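Student: Could you take me through one part of this model closely? I would like to look at the sheet and what surrounds it.

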Amino acid sequence: MSFRNIILKAWFSQRERAIDRFRRRPVETQARMFRQLLRRGRFTEFGDRYDLRHIRSVERFQSQVETFDYETFKPYIERMMEGVRSVTAPGRVSLFARSSGTTSDRSKYIPVTMESLWWNHTLGMRDVATVFSANNPKTRVFEGKTLTLGGSCSREGRNLVGDLSALLIHETTFWSGWFRAPRTETAIIPDFDEKCAAICRQCVGEPITAFAGVPSWNLALMRRVLEYTGRKNLLEVWPGLEMFAHGGVEFAPYRTSFEELIPSEKMKYMETYNASEGFFAIQDDPSRDDMLLMLDYGVYYEFLPVSDLGDPSKAVPLEGVKQGVNYAMIISTSNGLWRYQIGDTVEFTSLAPYKIKITGRTKHFINA
C-alpha cells in the first residue's frame, strides 16, 4: 500500500467514526456547535451588540438576535472588507466568496474565515472522499487525481475575492500535484475558454479518476477534451474514471449527457450541497436522492417554515423539524454569519439520520 493510501485510510477511518457519532447524537452535536460559535462571537462587535457572552440557551439566542438576509447583514460584511477586525468573527477576515446576487446587488460577498475554510468547506470535500470510500470499498479512485474545475479570484487590496471554488484552490495549494489537477495557476484562470485549453494541455496525460464541480461547466470541459484528443468518449482518455461529485444545480437534466460521455457502469455520481455560505450536506446513500445534513462543520442550523417566512419567531432548531415541510434554512457559522437566511429552502426526508432535499429558493415563496 502506498504512503498516500495509508494516510487516506487513517483519515477515512477517523471521519467515519465522527460521522457515525453525529448520526447517533445529532442534537448533542448541534448543541456543541452552538456553544463553540458563541465562544467565537462573544468578543466581536456583533457579540457586544447582541450580548452573546451572556447567552446560554437557544431560546434566548432566538429572542435576543434578529434574523438577517444579505441586505441587512451587508453593513457588517462591508466593514470586514474594509479591514476592520473582529466585526462578526474573531480577527481580520481577508477572504470573500463572490456569488451571483438575488438582491439589488449584482453580486454578494460572503466572508470566509480560515476556520470555516478548513473545518467547513475543506472538511466537506474530504468527507466526500470518506463517504465514497465507505460506499465503494474496492474503489481505485484515490490512485489518481480529481479534476476540479474552479472559478477565478483576484486581489482587491488586502483581500482575496472570487468564486468559492477558486478561493479553496488558491488556499490549499499543497493538494495540487498529489490529489488534484490542474495546477493552481491554471485552475483559477478567469477566461473559461483559456482555462479549458490549458486543462486539455496539462491533464490529458494525468491519471484522472474523478471530477468535481458544477455539472454544466464540467460538461462543457469534457466536450472540449474530446475535441482536443479526437476520442469518442472520456474513458478512452481516462480509463480509470469512477466518480463525479457535483453540486450547484440539479443534476437530473445532465445525467444522460454524462452517461454518453462516460459509458461505464463503474461511474458513480454524488450530490453535494456546498454553497458560498458553507458546506452543508452530502449524498451518503447512492440508492437515494437526498443528502445527509453534516452537523459538525461549525454550523448551527435553524429552520423556518416557508408558510411563516414573515415571522422569524417560528424558526425551530434541528430537533423541531418535521418531514415533508418546506423550510427556509437559517445558519450561524464560523465564517461570521449569524442567524443568516441563505435563501435556500429544504425539505427533510429523514429524521434519523437527518437528511434533506433542496426544494428551491425563498424568493419563490414570497408574494411580491
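Tutor: What follows goes through the sheet, the helices on it, some aromatic rings and a few unusual backbone spots.

The model is predicted. In it, 12 strands make up an open sheet with mixed pairing, in the order β6-β3-β7-β8-β9-β10-β11-β16-β15-β14-β12-β13. The edges are β6 (180-181) and β13 (316-317); each has a single partner strand, so one side of each has no neighbour in the sheet. In general, the strands of a sheet pair through backbone hydrogen bonds, either parallel or antiparallel. An antiparallel case here is strand β14 (residues 326-333) with strand β15 (residues 340-351), joined by five bridges. Across this pairing, Ile331 stands opposite Tyr340 in β15.

Helix α2 (residues 26-41) packs on the sheet and touches β12 (299-305), β14 and β16 (354-361). The direction of α2 makes about 110° with that of β12. Helix α6 (residues 114-135) lies across β8 (243-246), β9 (268-275), β10 (278-282) and β12, and runs at about 15° to β10.

Next, the aromatic rings. The whole structure holds 29 aromatic pairs. One of them is Phe68 with Phe73, an edge-to-face pair at 5.3 Å centre to centre with 80° between the planes. Phe68 counts as buried because its relative accessible area is 3%, under the 20% cut-off. Phe73 is buried too, at 0%. Tyr273 and Phe280 form an edge-to-face pair as well, with centres 5.1 Å apart and planes at 70°; both residues are buried. Tyr340, met above opposite Ile331, belongs to an aromatic cluster whose members include Phe34, Phe68, Phe73, Tyr300 and Trp338.

The loops hold the unusual backbone spots. Most residues other than glycine have a negative phi, and most peptide bonds are trans. Arg339 is not a glycine, yet has a positive phi of about 45°. Arg339 is in the loop between β14 and β15, and is buried, with a relative accessible area of 2%. Ser86 also has a positive phi, of about 50°; its place is the loop between α5 (70-81) and β1 (95-100). At 21% relative accessibility, Ser86 counts as partly exposed.

As for the peptide bonds, the one from Ala352 to Pro353 is cis, with omega near 5°, and Pro353 lies in the loop between β15 and β16. Another cis peptide bond joins Ala181 and Pro182, with omega about 0°. Pro182 is in the loop between β6 and α8 (184-187), and β6 is one of the edge strands described earlier.

Methods:
Residues numbered from 1 in each chain as written. Predicted model: local features only at pLDDT ≥ 70, side-chain atom pairs only at ≥ 80, totals over all residues. Heavy atoms only, no water. Pairing = 2+ DSSP bridges. Helix = DSSP H or I, 4+ residues; strand = E, 2+ residues; numbered from the N terminus. Contact = heavy atoms within 4.5 Å. Axes fitted to C-alpha atoms, helices over the stretch in contact; angles between N-to-C directions. Phe/Tyr/Trp six-rings, centres within 6.5 Å; stacked < 30°, edge-to-face > 60°. Buried < 20%, exposed > 50% of the residue type's maximum accessible area, 1.4 Å probe, protein only.
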